Amino acid sequence: MAIALFTDFGSEGIYTGQMEAVIDTIAPDMRVISLLNNAPKTNPFLSAYLLSALCRQFSEKTVFLCVVDPGVGGNRRGLVLKADNQYFVGPDNGLFNRVARQAKNCRWFEIIYRPEYCSLSFHGRDIFAPVAAKIACQQSEGLLRSVAPPDCSTYPDDLKKIIYFDHYGNAMTGIRYHKRLYGLDLTIKQCTIAQAGTFSEVKPGKLFWYRNSLGLIEIAANQASAQALLDLSLADDIEFQNA
Amino acid sequence: MAIALFTDFGSEGIYTGQMEAVIDTIAPDMRVISLLNNAPKTNPFLSAYLLSALCRQFSEKTVFLCVVDPGVGGNRRGLVLKADNQYFVGPDNGLFNRVARQAKNCRWFEIIYRPEYCSLSFHGRDIFAPVAAKIACQQSEGLLRSVAPPDCSTYPDDLKKIIYFDHYGNAMTGIRYHKRLYGLDLTIKQCTIAQAGTFSEVKPGKLFWYRNSLGLIEIAANQASAQALLDLSLADDIEFQNA
Amino acid sequence: MAIALFTDFGSEGIYTGQMEAVIDTIAPDMRVISLLNNAPKTNPFLSAYLLSALCRQFSEKTVFLCVVDPGVGGNRRGLVLKADNQYFVGPDNGLFNRVARQAKNCRWFEIIYRPEYCSLSFHGRDIFAPVAAKIACQQSEGLLRSVAPPDCSTYPDDLKKIIYFDHYGNAMTGIRYHKRLYGLDLTIKQCTIAQAGTFSEVKPGKLFWYRNSLGLIEIAANQASAQALLDLSLADDIEFQNA
């Protein structure tokens, strides 16, 4: 098993490192993979779409330690979702709802584990990291209790919005590629963008959309930043024409 | 044991990766935790306060490999501090002085280890990384010699300054929370800021101060950047009113 | 053995984490070192100089998983270079040519491995990561076939250009230090810059050049950013006067 970190903590490491230190005390030989540290900041809704696309690249039995948690310290619960054979540990704010919709078998748990000392602002370190480590070590007895699934109906399977920008300025959407989209144009901020297979098929600087490596629609430009060229922001709306 | 990296190298990895490669040759199975790579740049004084708060989150026997080292290549020594049962390896520039003040038992050592080749600008790789790895493997014989403790009197227990900004723009200070501060207002850059328990207690965008997860006073705003709202810089002064 | 990641993916981790997850399924106990994630973006030529300097700091048998790959999805091949006893896995775009020139013994291979599913835009995850992991586990049979070496003649041993900026704004060049450069002045963007031994030898804010910790000429300023002071860009030209 491995533990994958999915957070909005940034790449500097002050929070990620503290979580890894906690994991190390419980699971000294466990691999900790920094999957992502720039999930949409304080935005569990957009983050839910990114997580559901990324987790499909990971093997069974991965434990995802997920912290996009603007409500920390309030009365939101801590949750564990077992979706098929992957585990997701984090706050009860919708972050796992899109994952649940694509899984064949889901079991939901509330975290009842409480540490001796618990900060008001960093449950990632004080609650979620130890729970994730104990699950990865199969020592979760007494930490969790079964709960009814949350209402996932407000998380459509495809989200017609920008959910992520990568280092190159490529703009990932929450829309899964489907063959009925083949050859259609896409509209964003009143610009019309045509499909291409991948970067090397278009001229440097030219905008295009394509099926990215996670199976999602992505707006990109060859050797340039689509984000900068179109002045894009997270949650910007996308439409396919005649779709 | 684990080795935690505390540096001002940035998150890109060119220096961190070289240190980890050195550690790997000496201690192949040792966990290396990237605790922090954006310590206050070339500022050992502010970094000392951050390190002393963070190390308390780590277990005994952690070895901290610390590189905030503007004087590299000059005549400053390399030091090892054994503080209670944690080790700190790095330059003799005050970086460990605040740690020493909070420890029950301190032993100080000068690093006498010298590699075959030593660069003038990267002792982190050439001296501190091998020494940290050998300490973690309990092979430190002949590398160190005991020295008298440095003068730590210019490192007050509480520093009324900003010492760190995180990815969200929260501004951490060097002041430890104490119950006598409860309910007091704080002044920074002629603004007055009231206390709150945590983020979810205040409206989005509102500034507040609180006890952060390291036990320090932190200035924050719910779902906004205190750093941007107040145009803050490292080392800005803080005062508590009527404190 | 260890696997070192050399990419232009940025420090956020969405791509690096997916590669590490693939490595983990094949080589669960293998150390993965994030050597660099801000190689010159989509620029294999400049990246080749950085890689050839960095790899000399690593031990024999390191496998370098290298992804600076603007041509992904086109008809460029995947390559493996065995240079002395290090391995380099990545695209056939010149990225390994400078490494080959400094090695005593080189063997070149084309990657014939193809996964069940292969994206058009992320061969780092789908092809290069599994091949690197299998090589590190000595399970490379059937993945590779020997090919003739590429033409490396357009990669001079010394490149008189900026190839990298670090977190401090130091500007690394592709020129190796040699004693015949001792005491010479260097010209960049019509500025003349003198040599110093290292940072602590010059006044804060002052520009100098020096032999950096990789053995390359670097333009720096004590506790300031040479990049900002001189408004430098990647690939800017450097000349030594009277050299």
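**Chain copies, interfaces and strand pairing in a predicted three-chain model**

Only 5% of the interface residues of chain A are also interface residues in chain C, so the copies meet through different surfaces. Here, two residues are in contact if their C-beta atoms, placed from the backbone, lie within 7 Å. The model is predicted: local features require pLDDT of at least 70, side-chain atom pairs count only at pLDDT 80 or more, and totals for chains, interfaces and linings use all residues. Residues are numbered from 1 along each chain as its sequence is written, while chains are lettered from A and ligands numbered from 1 in the order in which they are written.

The relation between copies was examined by superposition. Copies were fitted by least squares on the C-alpha atoms of residues with pLDDT of at least 70 in both. Chain A superposes on chain C with an RMSD of 0.0 Å after a rotation of 120° and 0.0 Å of shift along the axis. In chain A, the residue closest to the rotation axis is A:Ser11, at 3.5 Å by C-alpha. Chain B can likewise be laid on chain A, with an RMSD of 0.0 Å, by a turn of 120° and a shift of 0.0 Å along the axis. This is the relation of a three-fold axis. Among the residues of chain B, B:Ser11 comes closest to the rotation axis, at 3.5 Å (C-alpha). Here too the copies use different surfaces: 5% of the contact residues of chain B recur in chain A.

The interfaces were then described by their residues. Between chain A and chain C, 22 residues of chain A are in contact with 23 residues of chain C. On the chain A side, strand S1 (2-7) and strand S2 (31-36) each supply at least two residues. S2(A) provides the largest share of that side, 5 residues. Helices (H or I, at least four residues) and strands (E, at least two) are DSSP runs, numbered from the N terminus. By class, the side of chain A that touches chain C has 7 nonpolar, 13 polar and 2 charged residues. Ala, Val, Leu, Ile, Met, Phe, Trp, Tyr, Cys and Pro count as nonpolar, Asp, Glu, Lys and Arg as charged, and the others, Gly among them, as polar.

The contact between chain B and chain A takes 22 residues from chain B and 23 residues from chain A. S1 and S2 of chain B each give at least two residues to the side that touches chain A. S2(B) gives the most, with 5 residues. This side of chain B divides into 7 nonpolar, 13 polar and 2 charged residues.

Within chain B, strand S1 (residues 2-7) is mostly covered, with 6 of its 6 residues buried. A residue is buried if 20 or more other C-beta atoms lie within 10 Å of its own, exposed if 12 or fewer, and partly exposed in between, with C-beta atoms placed from the backbone. Both faces of S1(B) are covered. B:Ala2, B:Ala4 and B:Phe6 are buried on one side, and B:Ile3, B:Leu5 and B:Thr7 on the other. S1(B) pairs with strand S2 (residues 31-36) of chain B in the parallel sense over 5 bridges. Two strands pair if DSSP finds at least two bridges between them. The bridge partner of B:Ala4 in S2(B) is B:Ile33.

A separate description applies to an open sheet of chain B. Its 4 strands follow the order S8-S9-S13-S12, with antiparallel pairing. Strand S8 (159-165) and strand S12 (207-211) stand at the edges, each with a single partner strand, so one side of each is left without a neighbour in the sheet. Neighbouring strands of the sheet are turned by 30° against each other on average, direction ignored. S8(B) and strand S9 (residues 171-176) pair in the antiparallel sense over 4 bridges. B:Ile162 has B:Thr173 as its bridge partner in S9(B). Helix H2 (residues 44-54) of chain B lies across S8, S9 and strand S13 (216-221), running at about 80° to S8(B). Axes are lines fitted to C-alpha atoms, for helices over the stretch in contact, and angles run from 0 to 180 degrees between N-to-C directions.

In chain A, helix H2 (residues 44-54) is mostly covered: 11 of its 11 residues are buried. Among them are A:Phe45, A:Tyr49 and A:Leu54.

Chain A is divided into domain 1 (2-146) and domain 2 (159-240), with bounds from an automatic or database domain assignment. The domain centres, taken over C-alpha atoms, are 29 Å apart. Contact involves 6 residues of domain 1 and 9 residues of domain 2. The side of domain 1 that touches domain 2 has 6 nonpolar, no polar and no charged residues.
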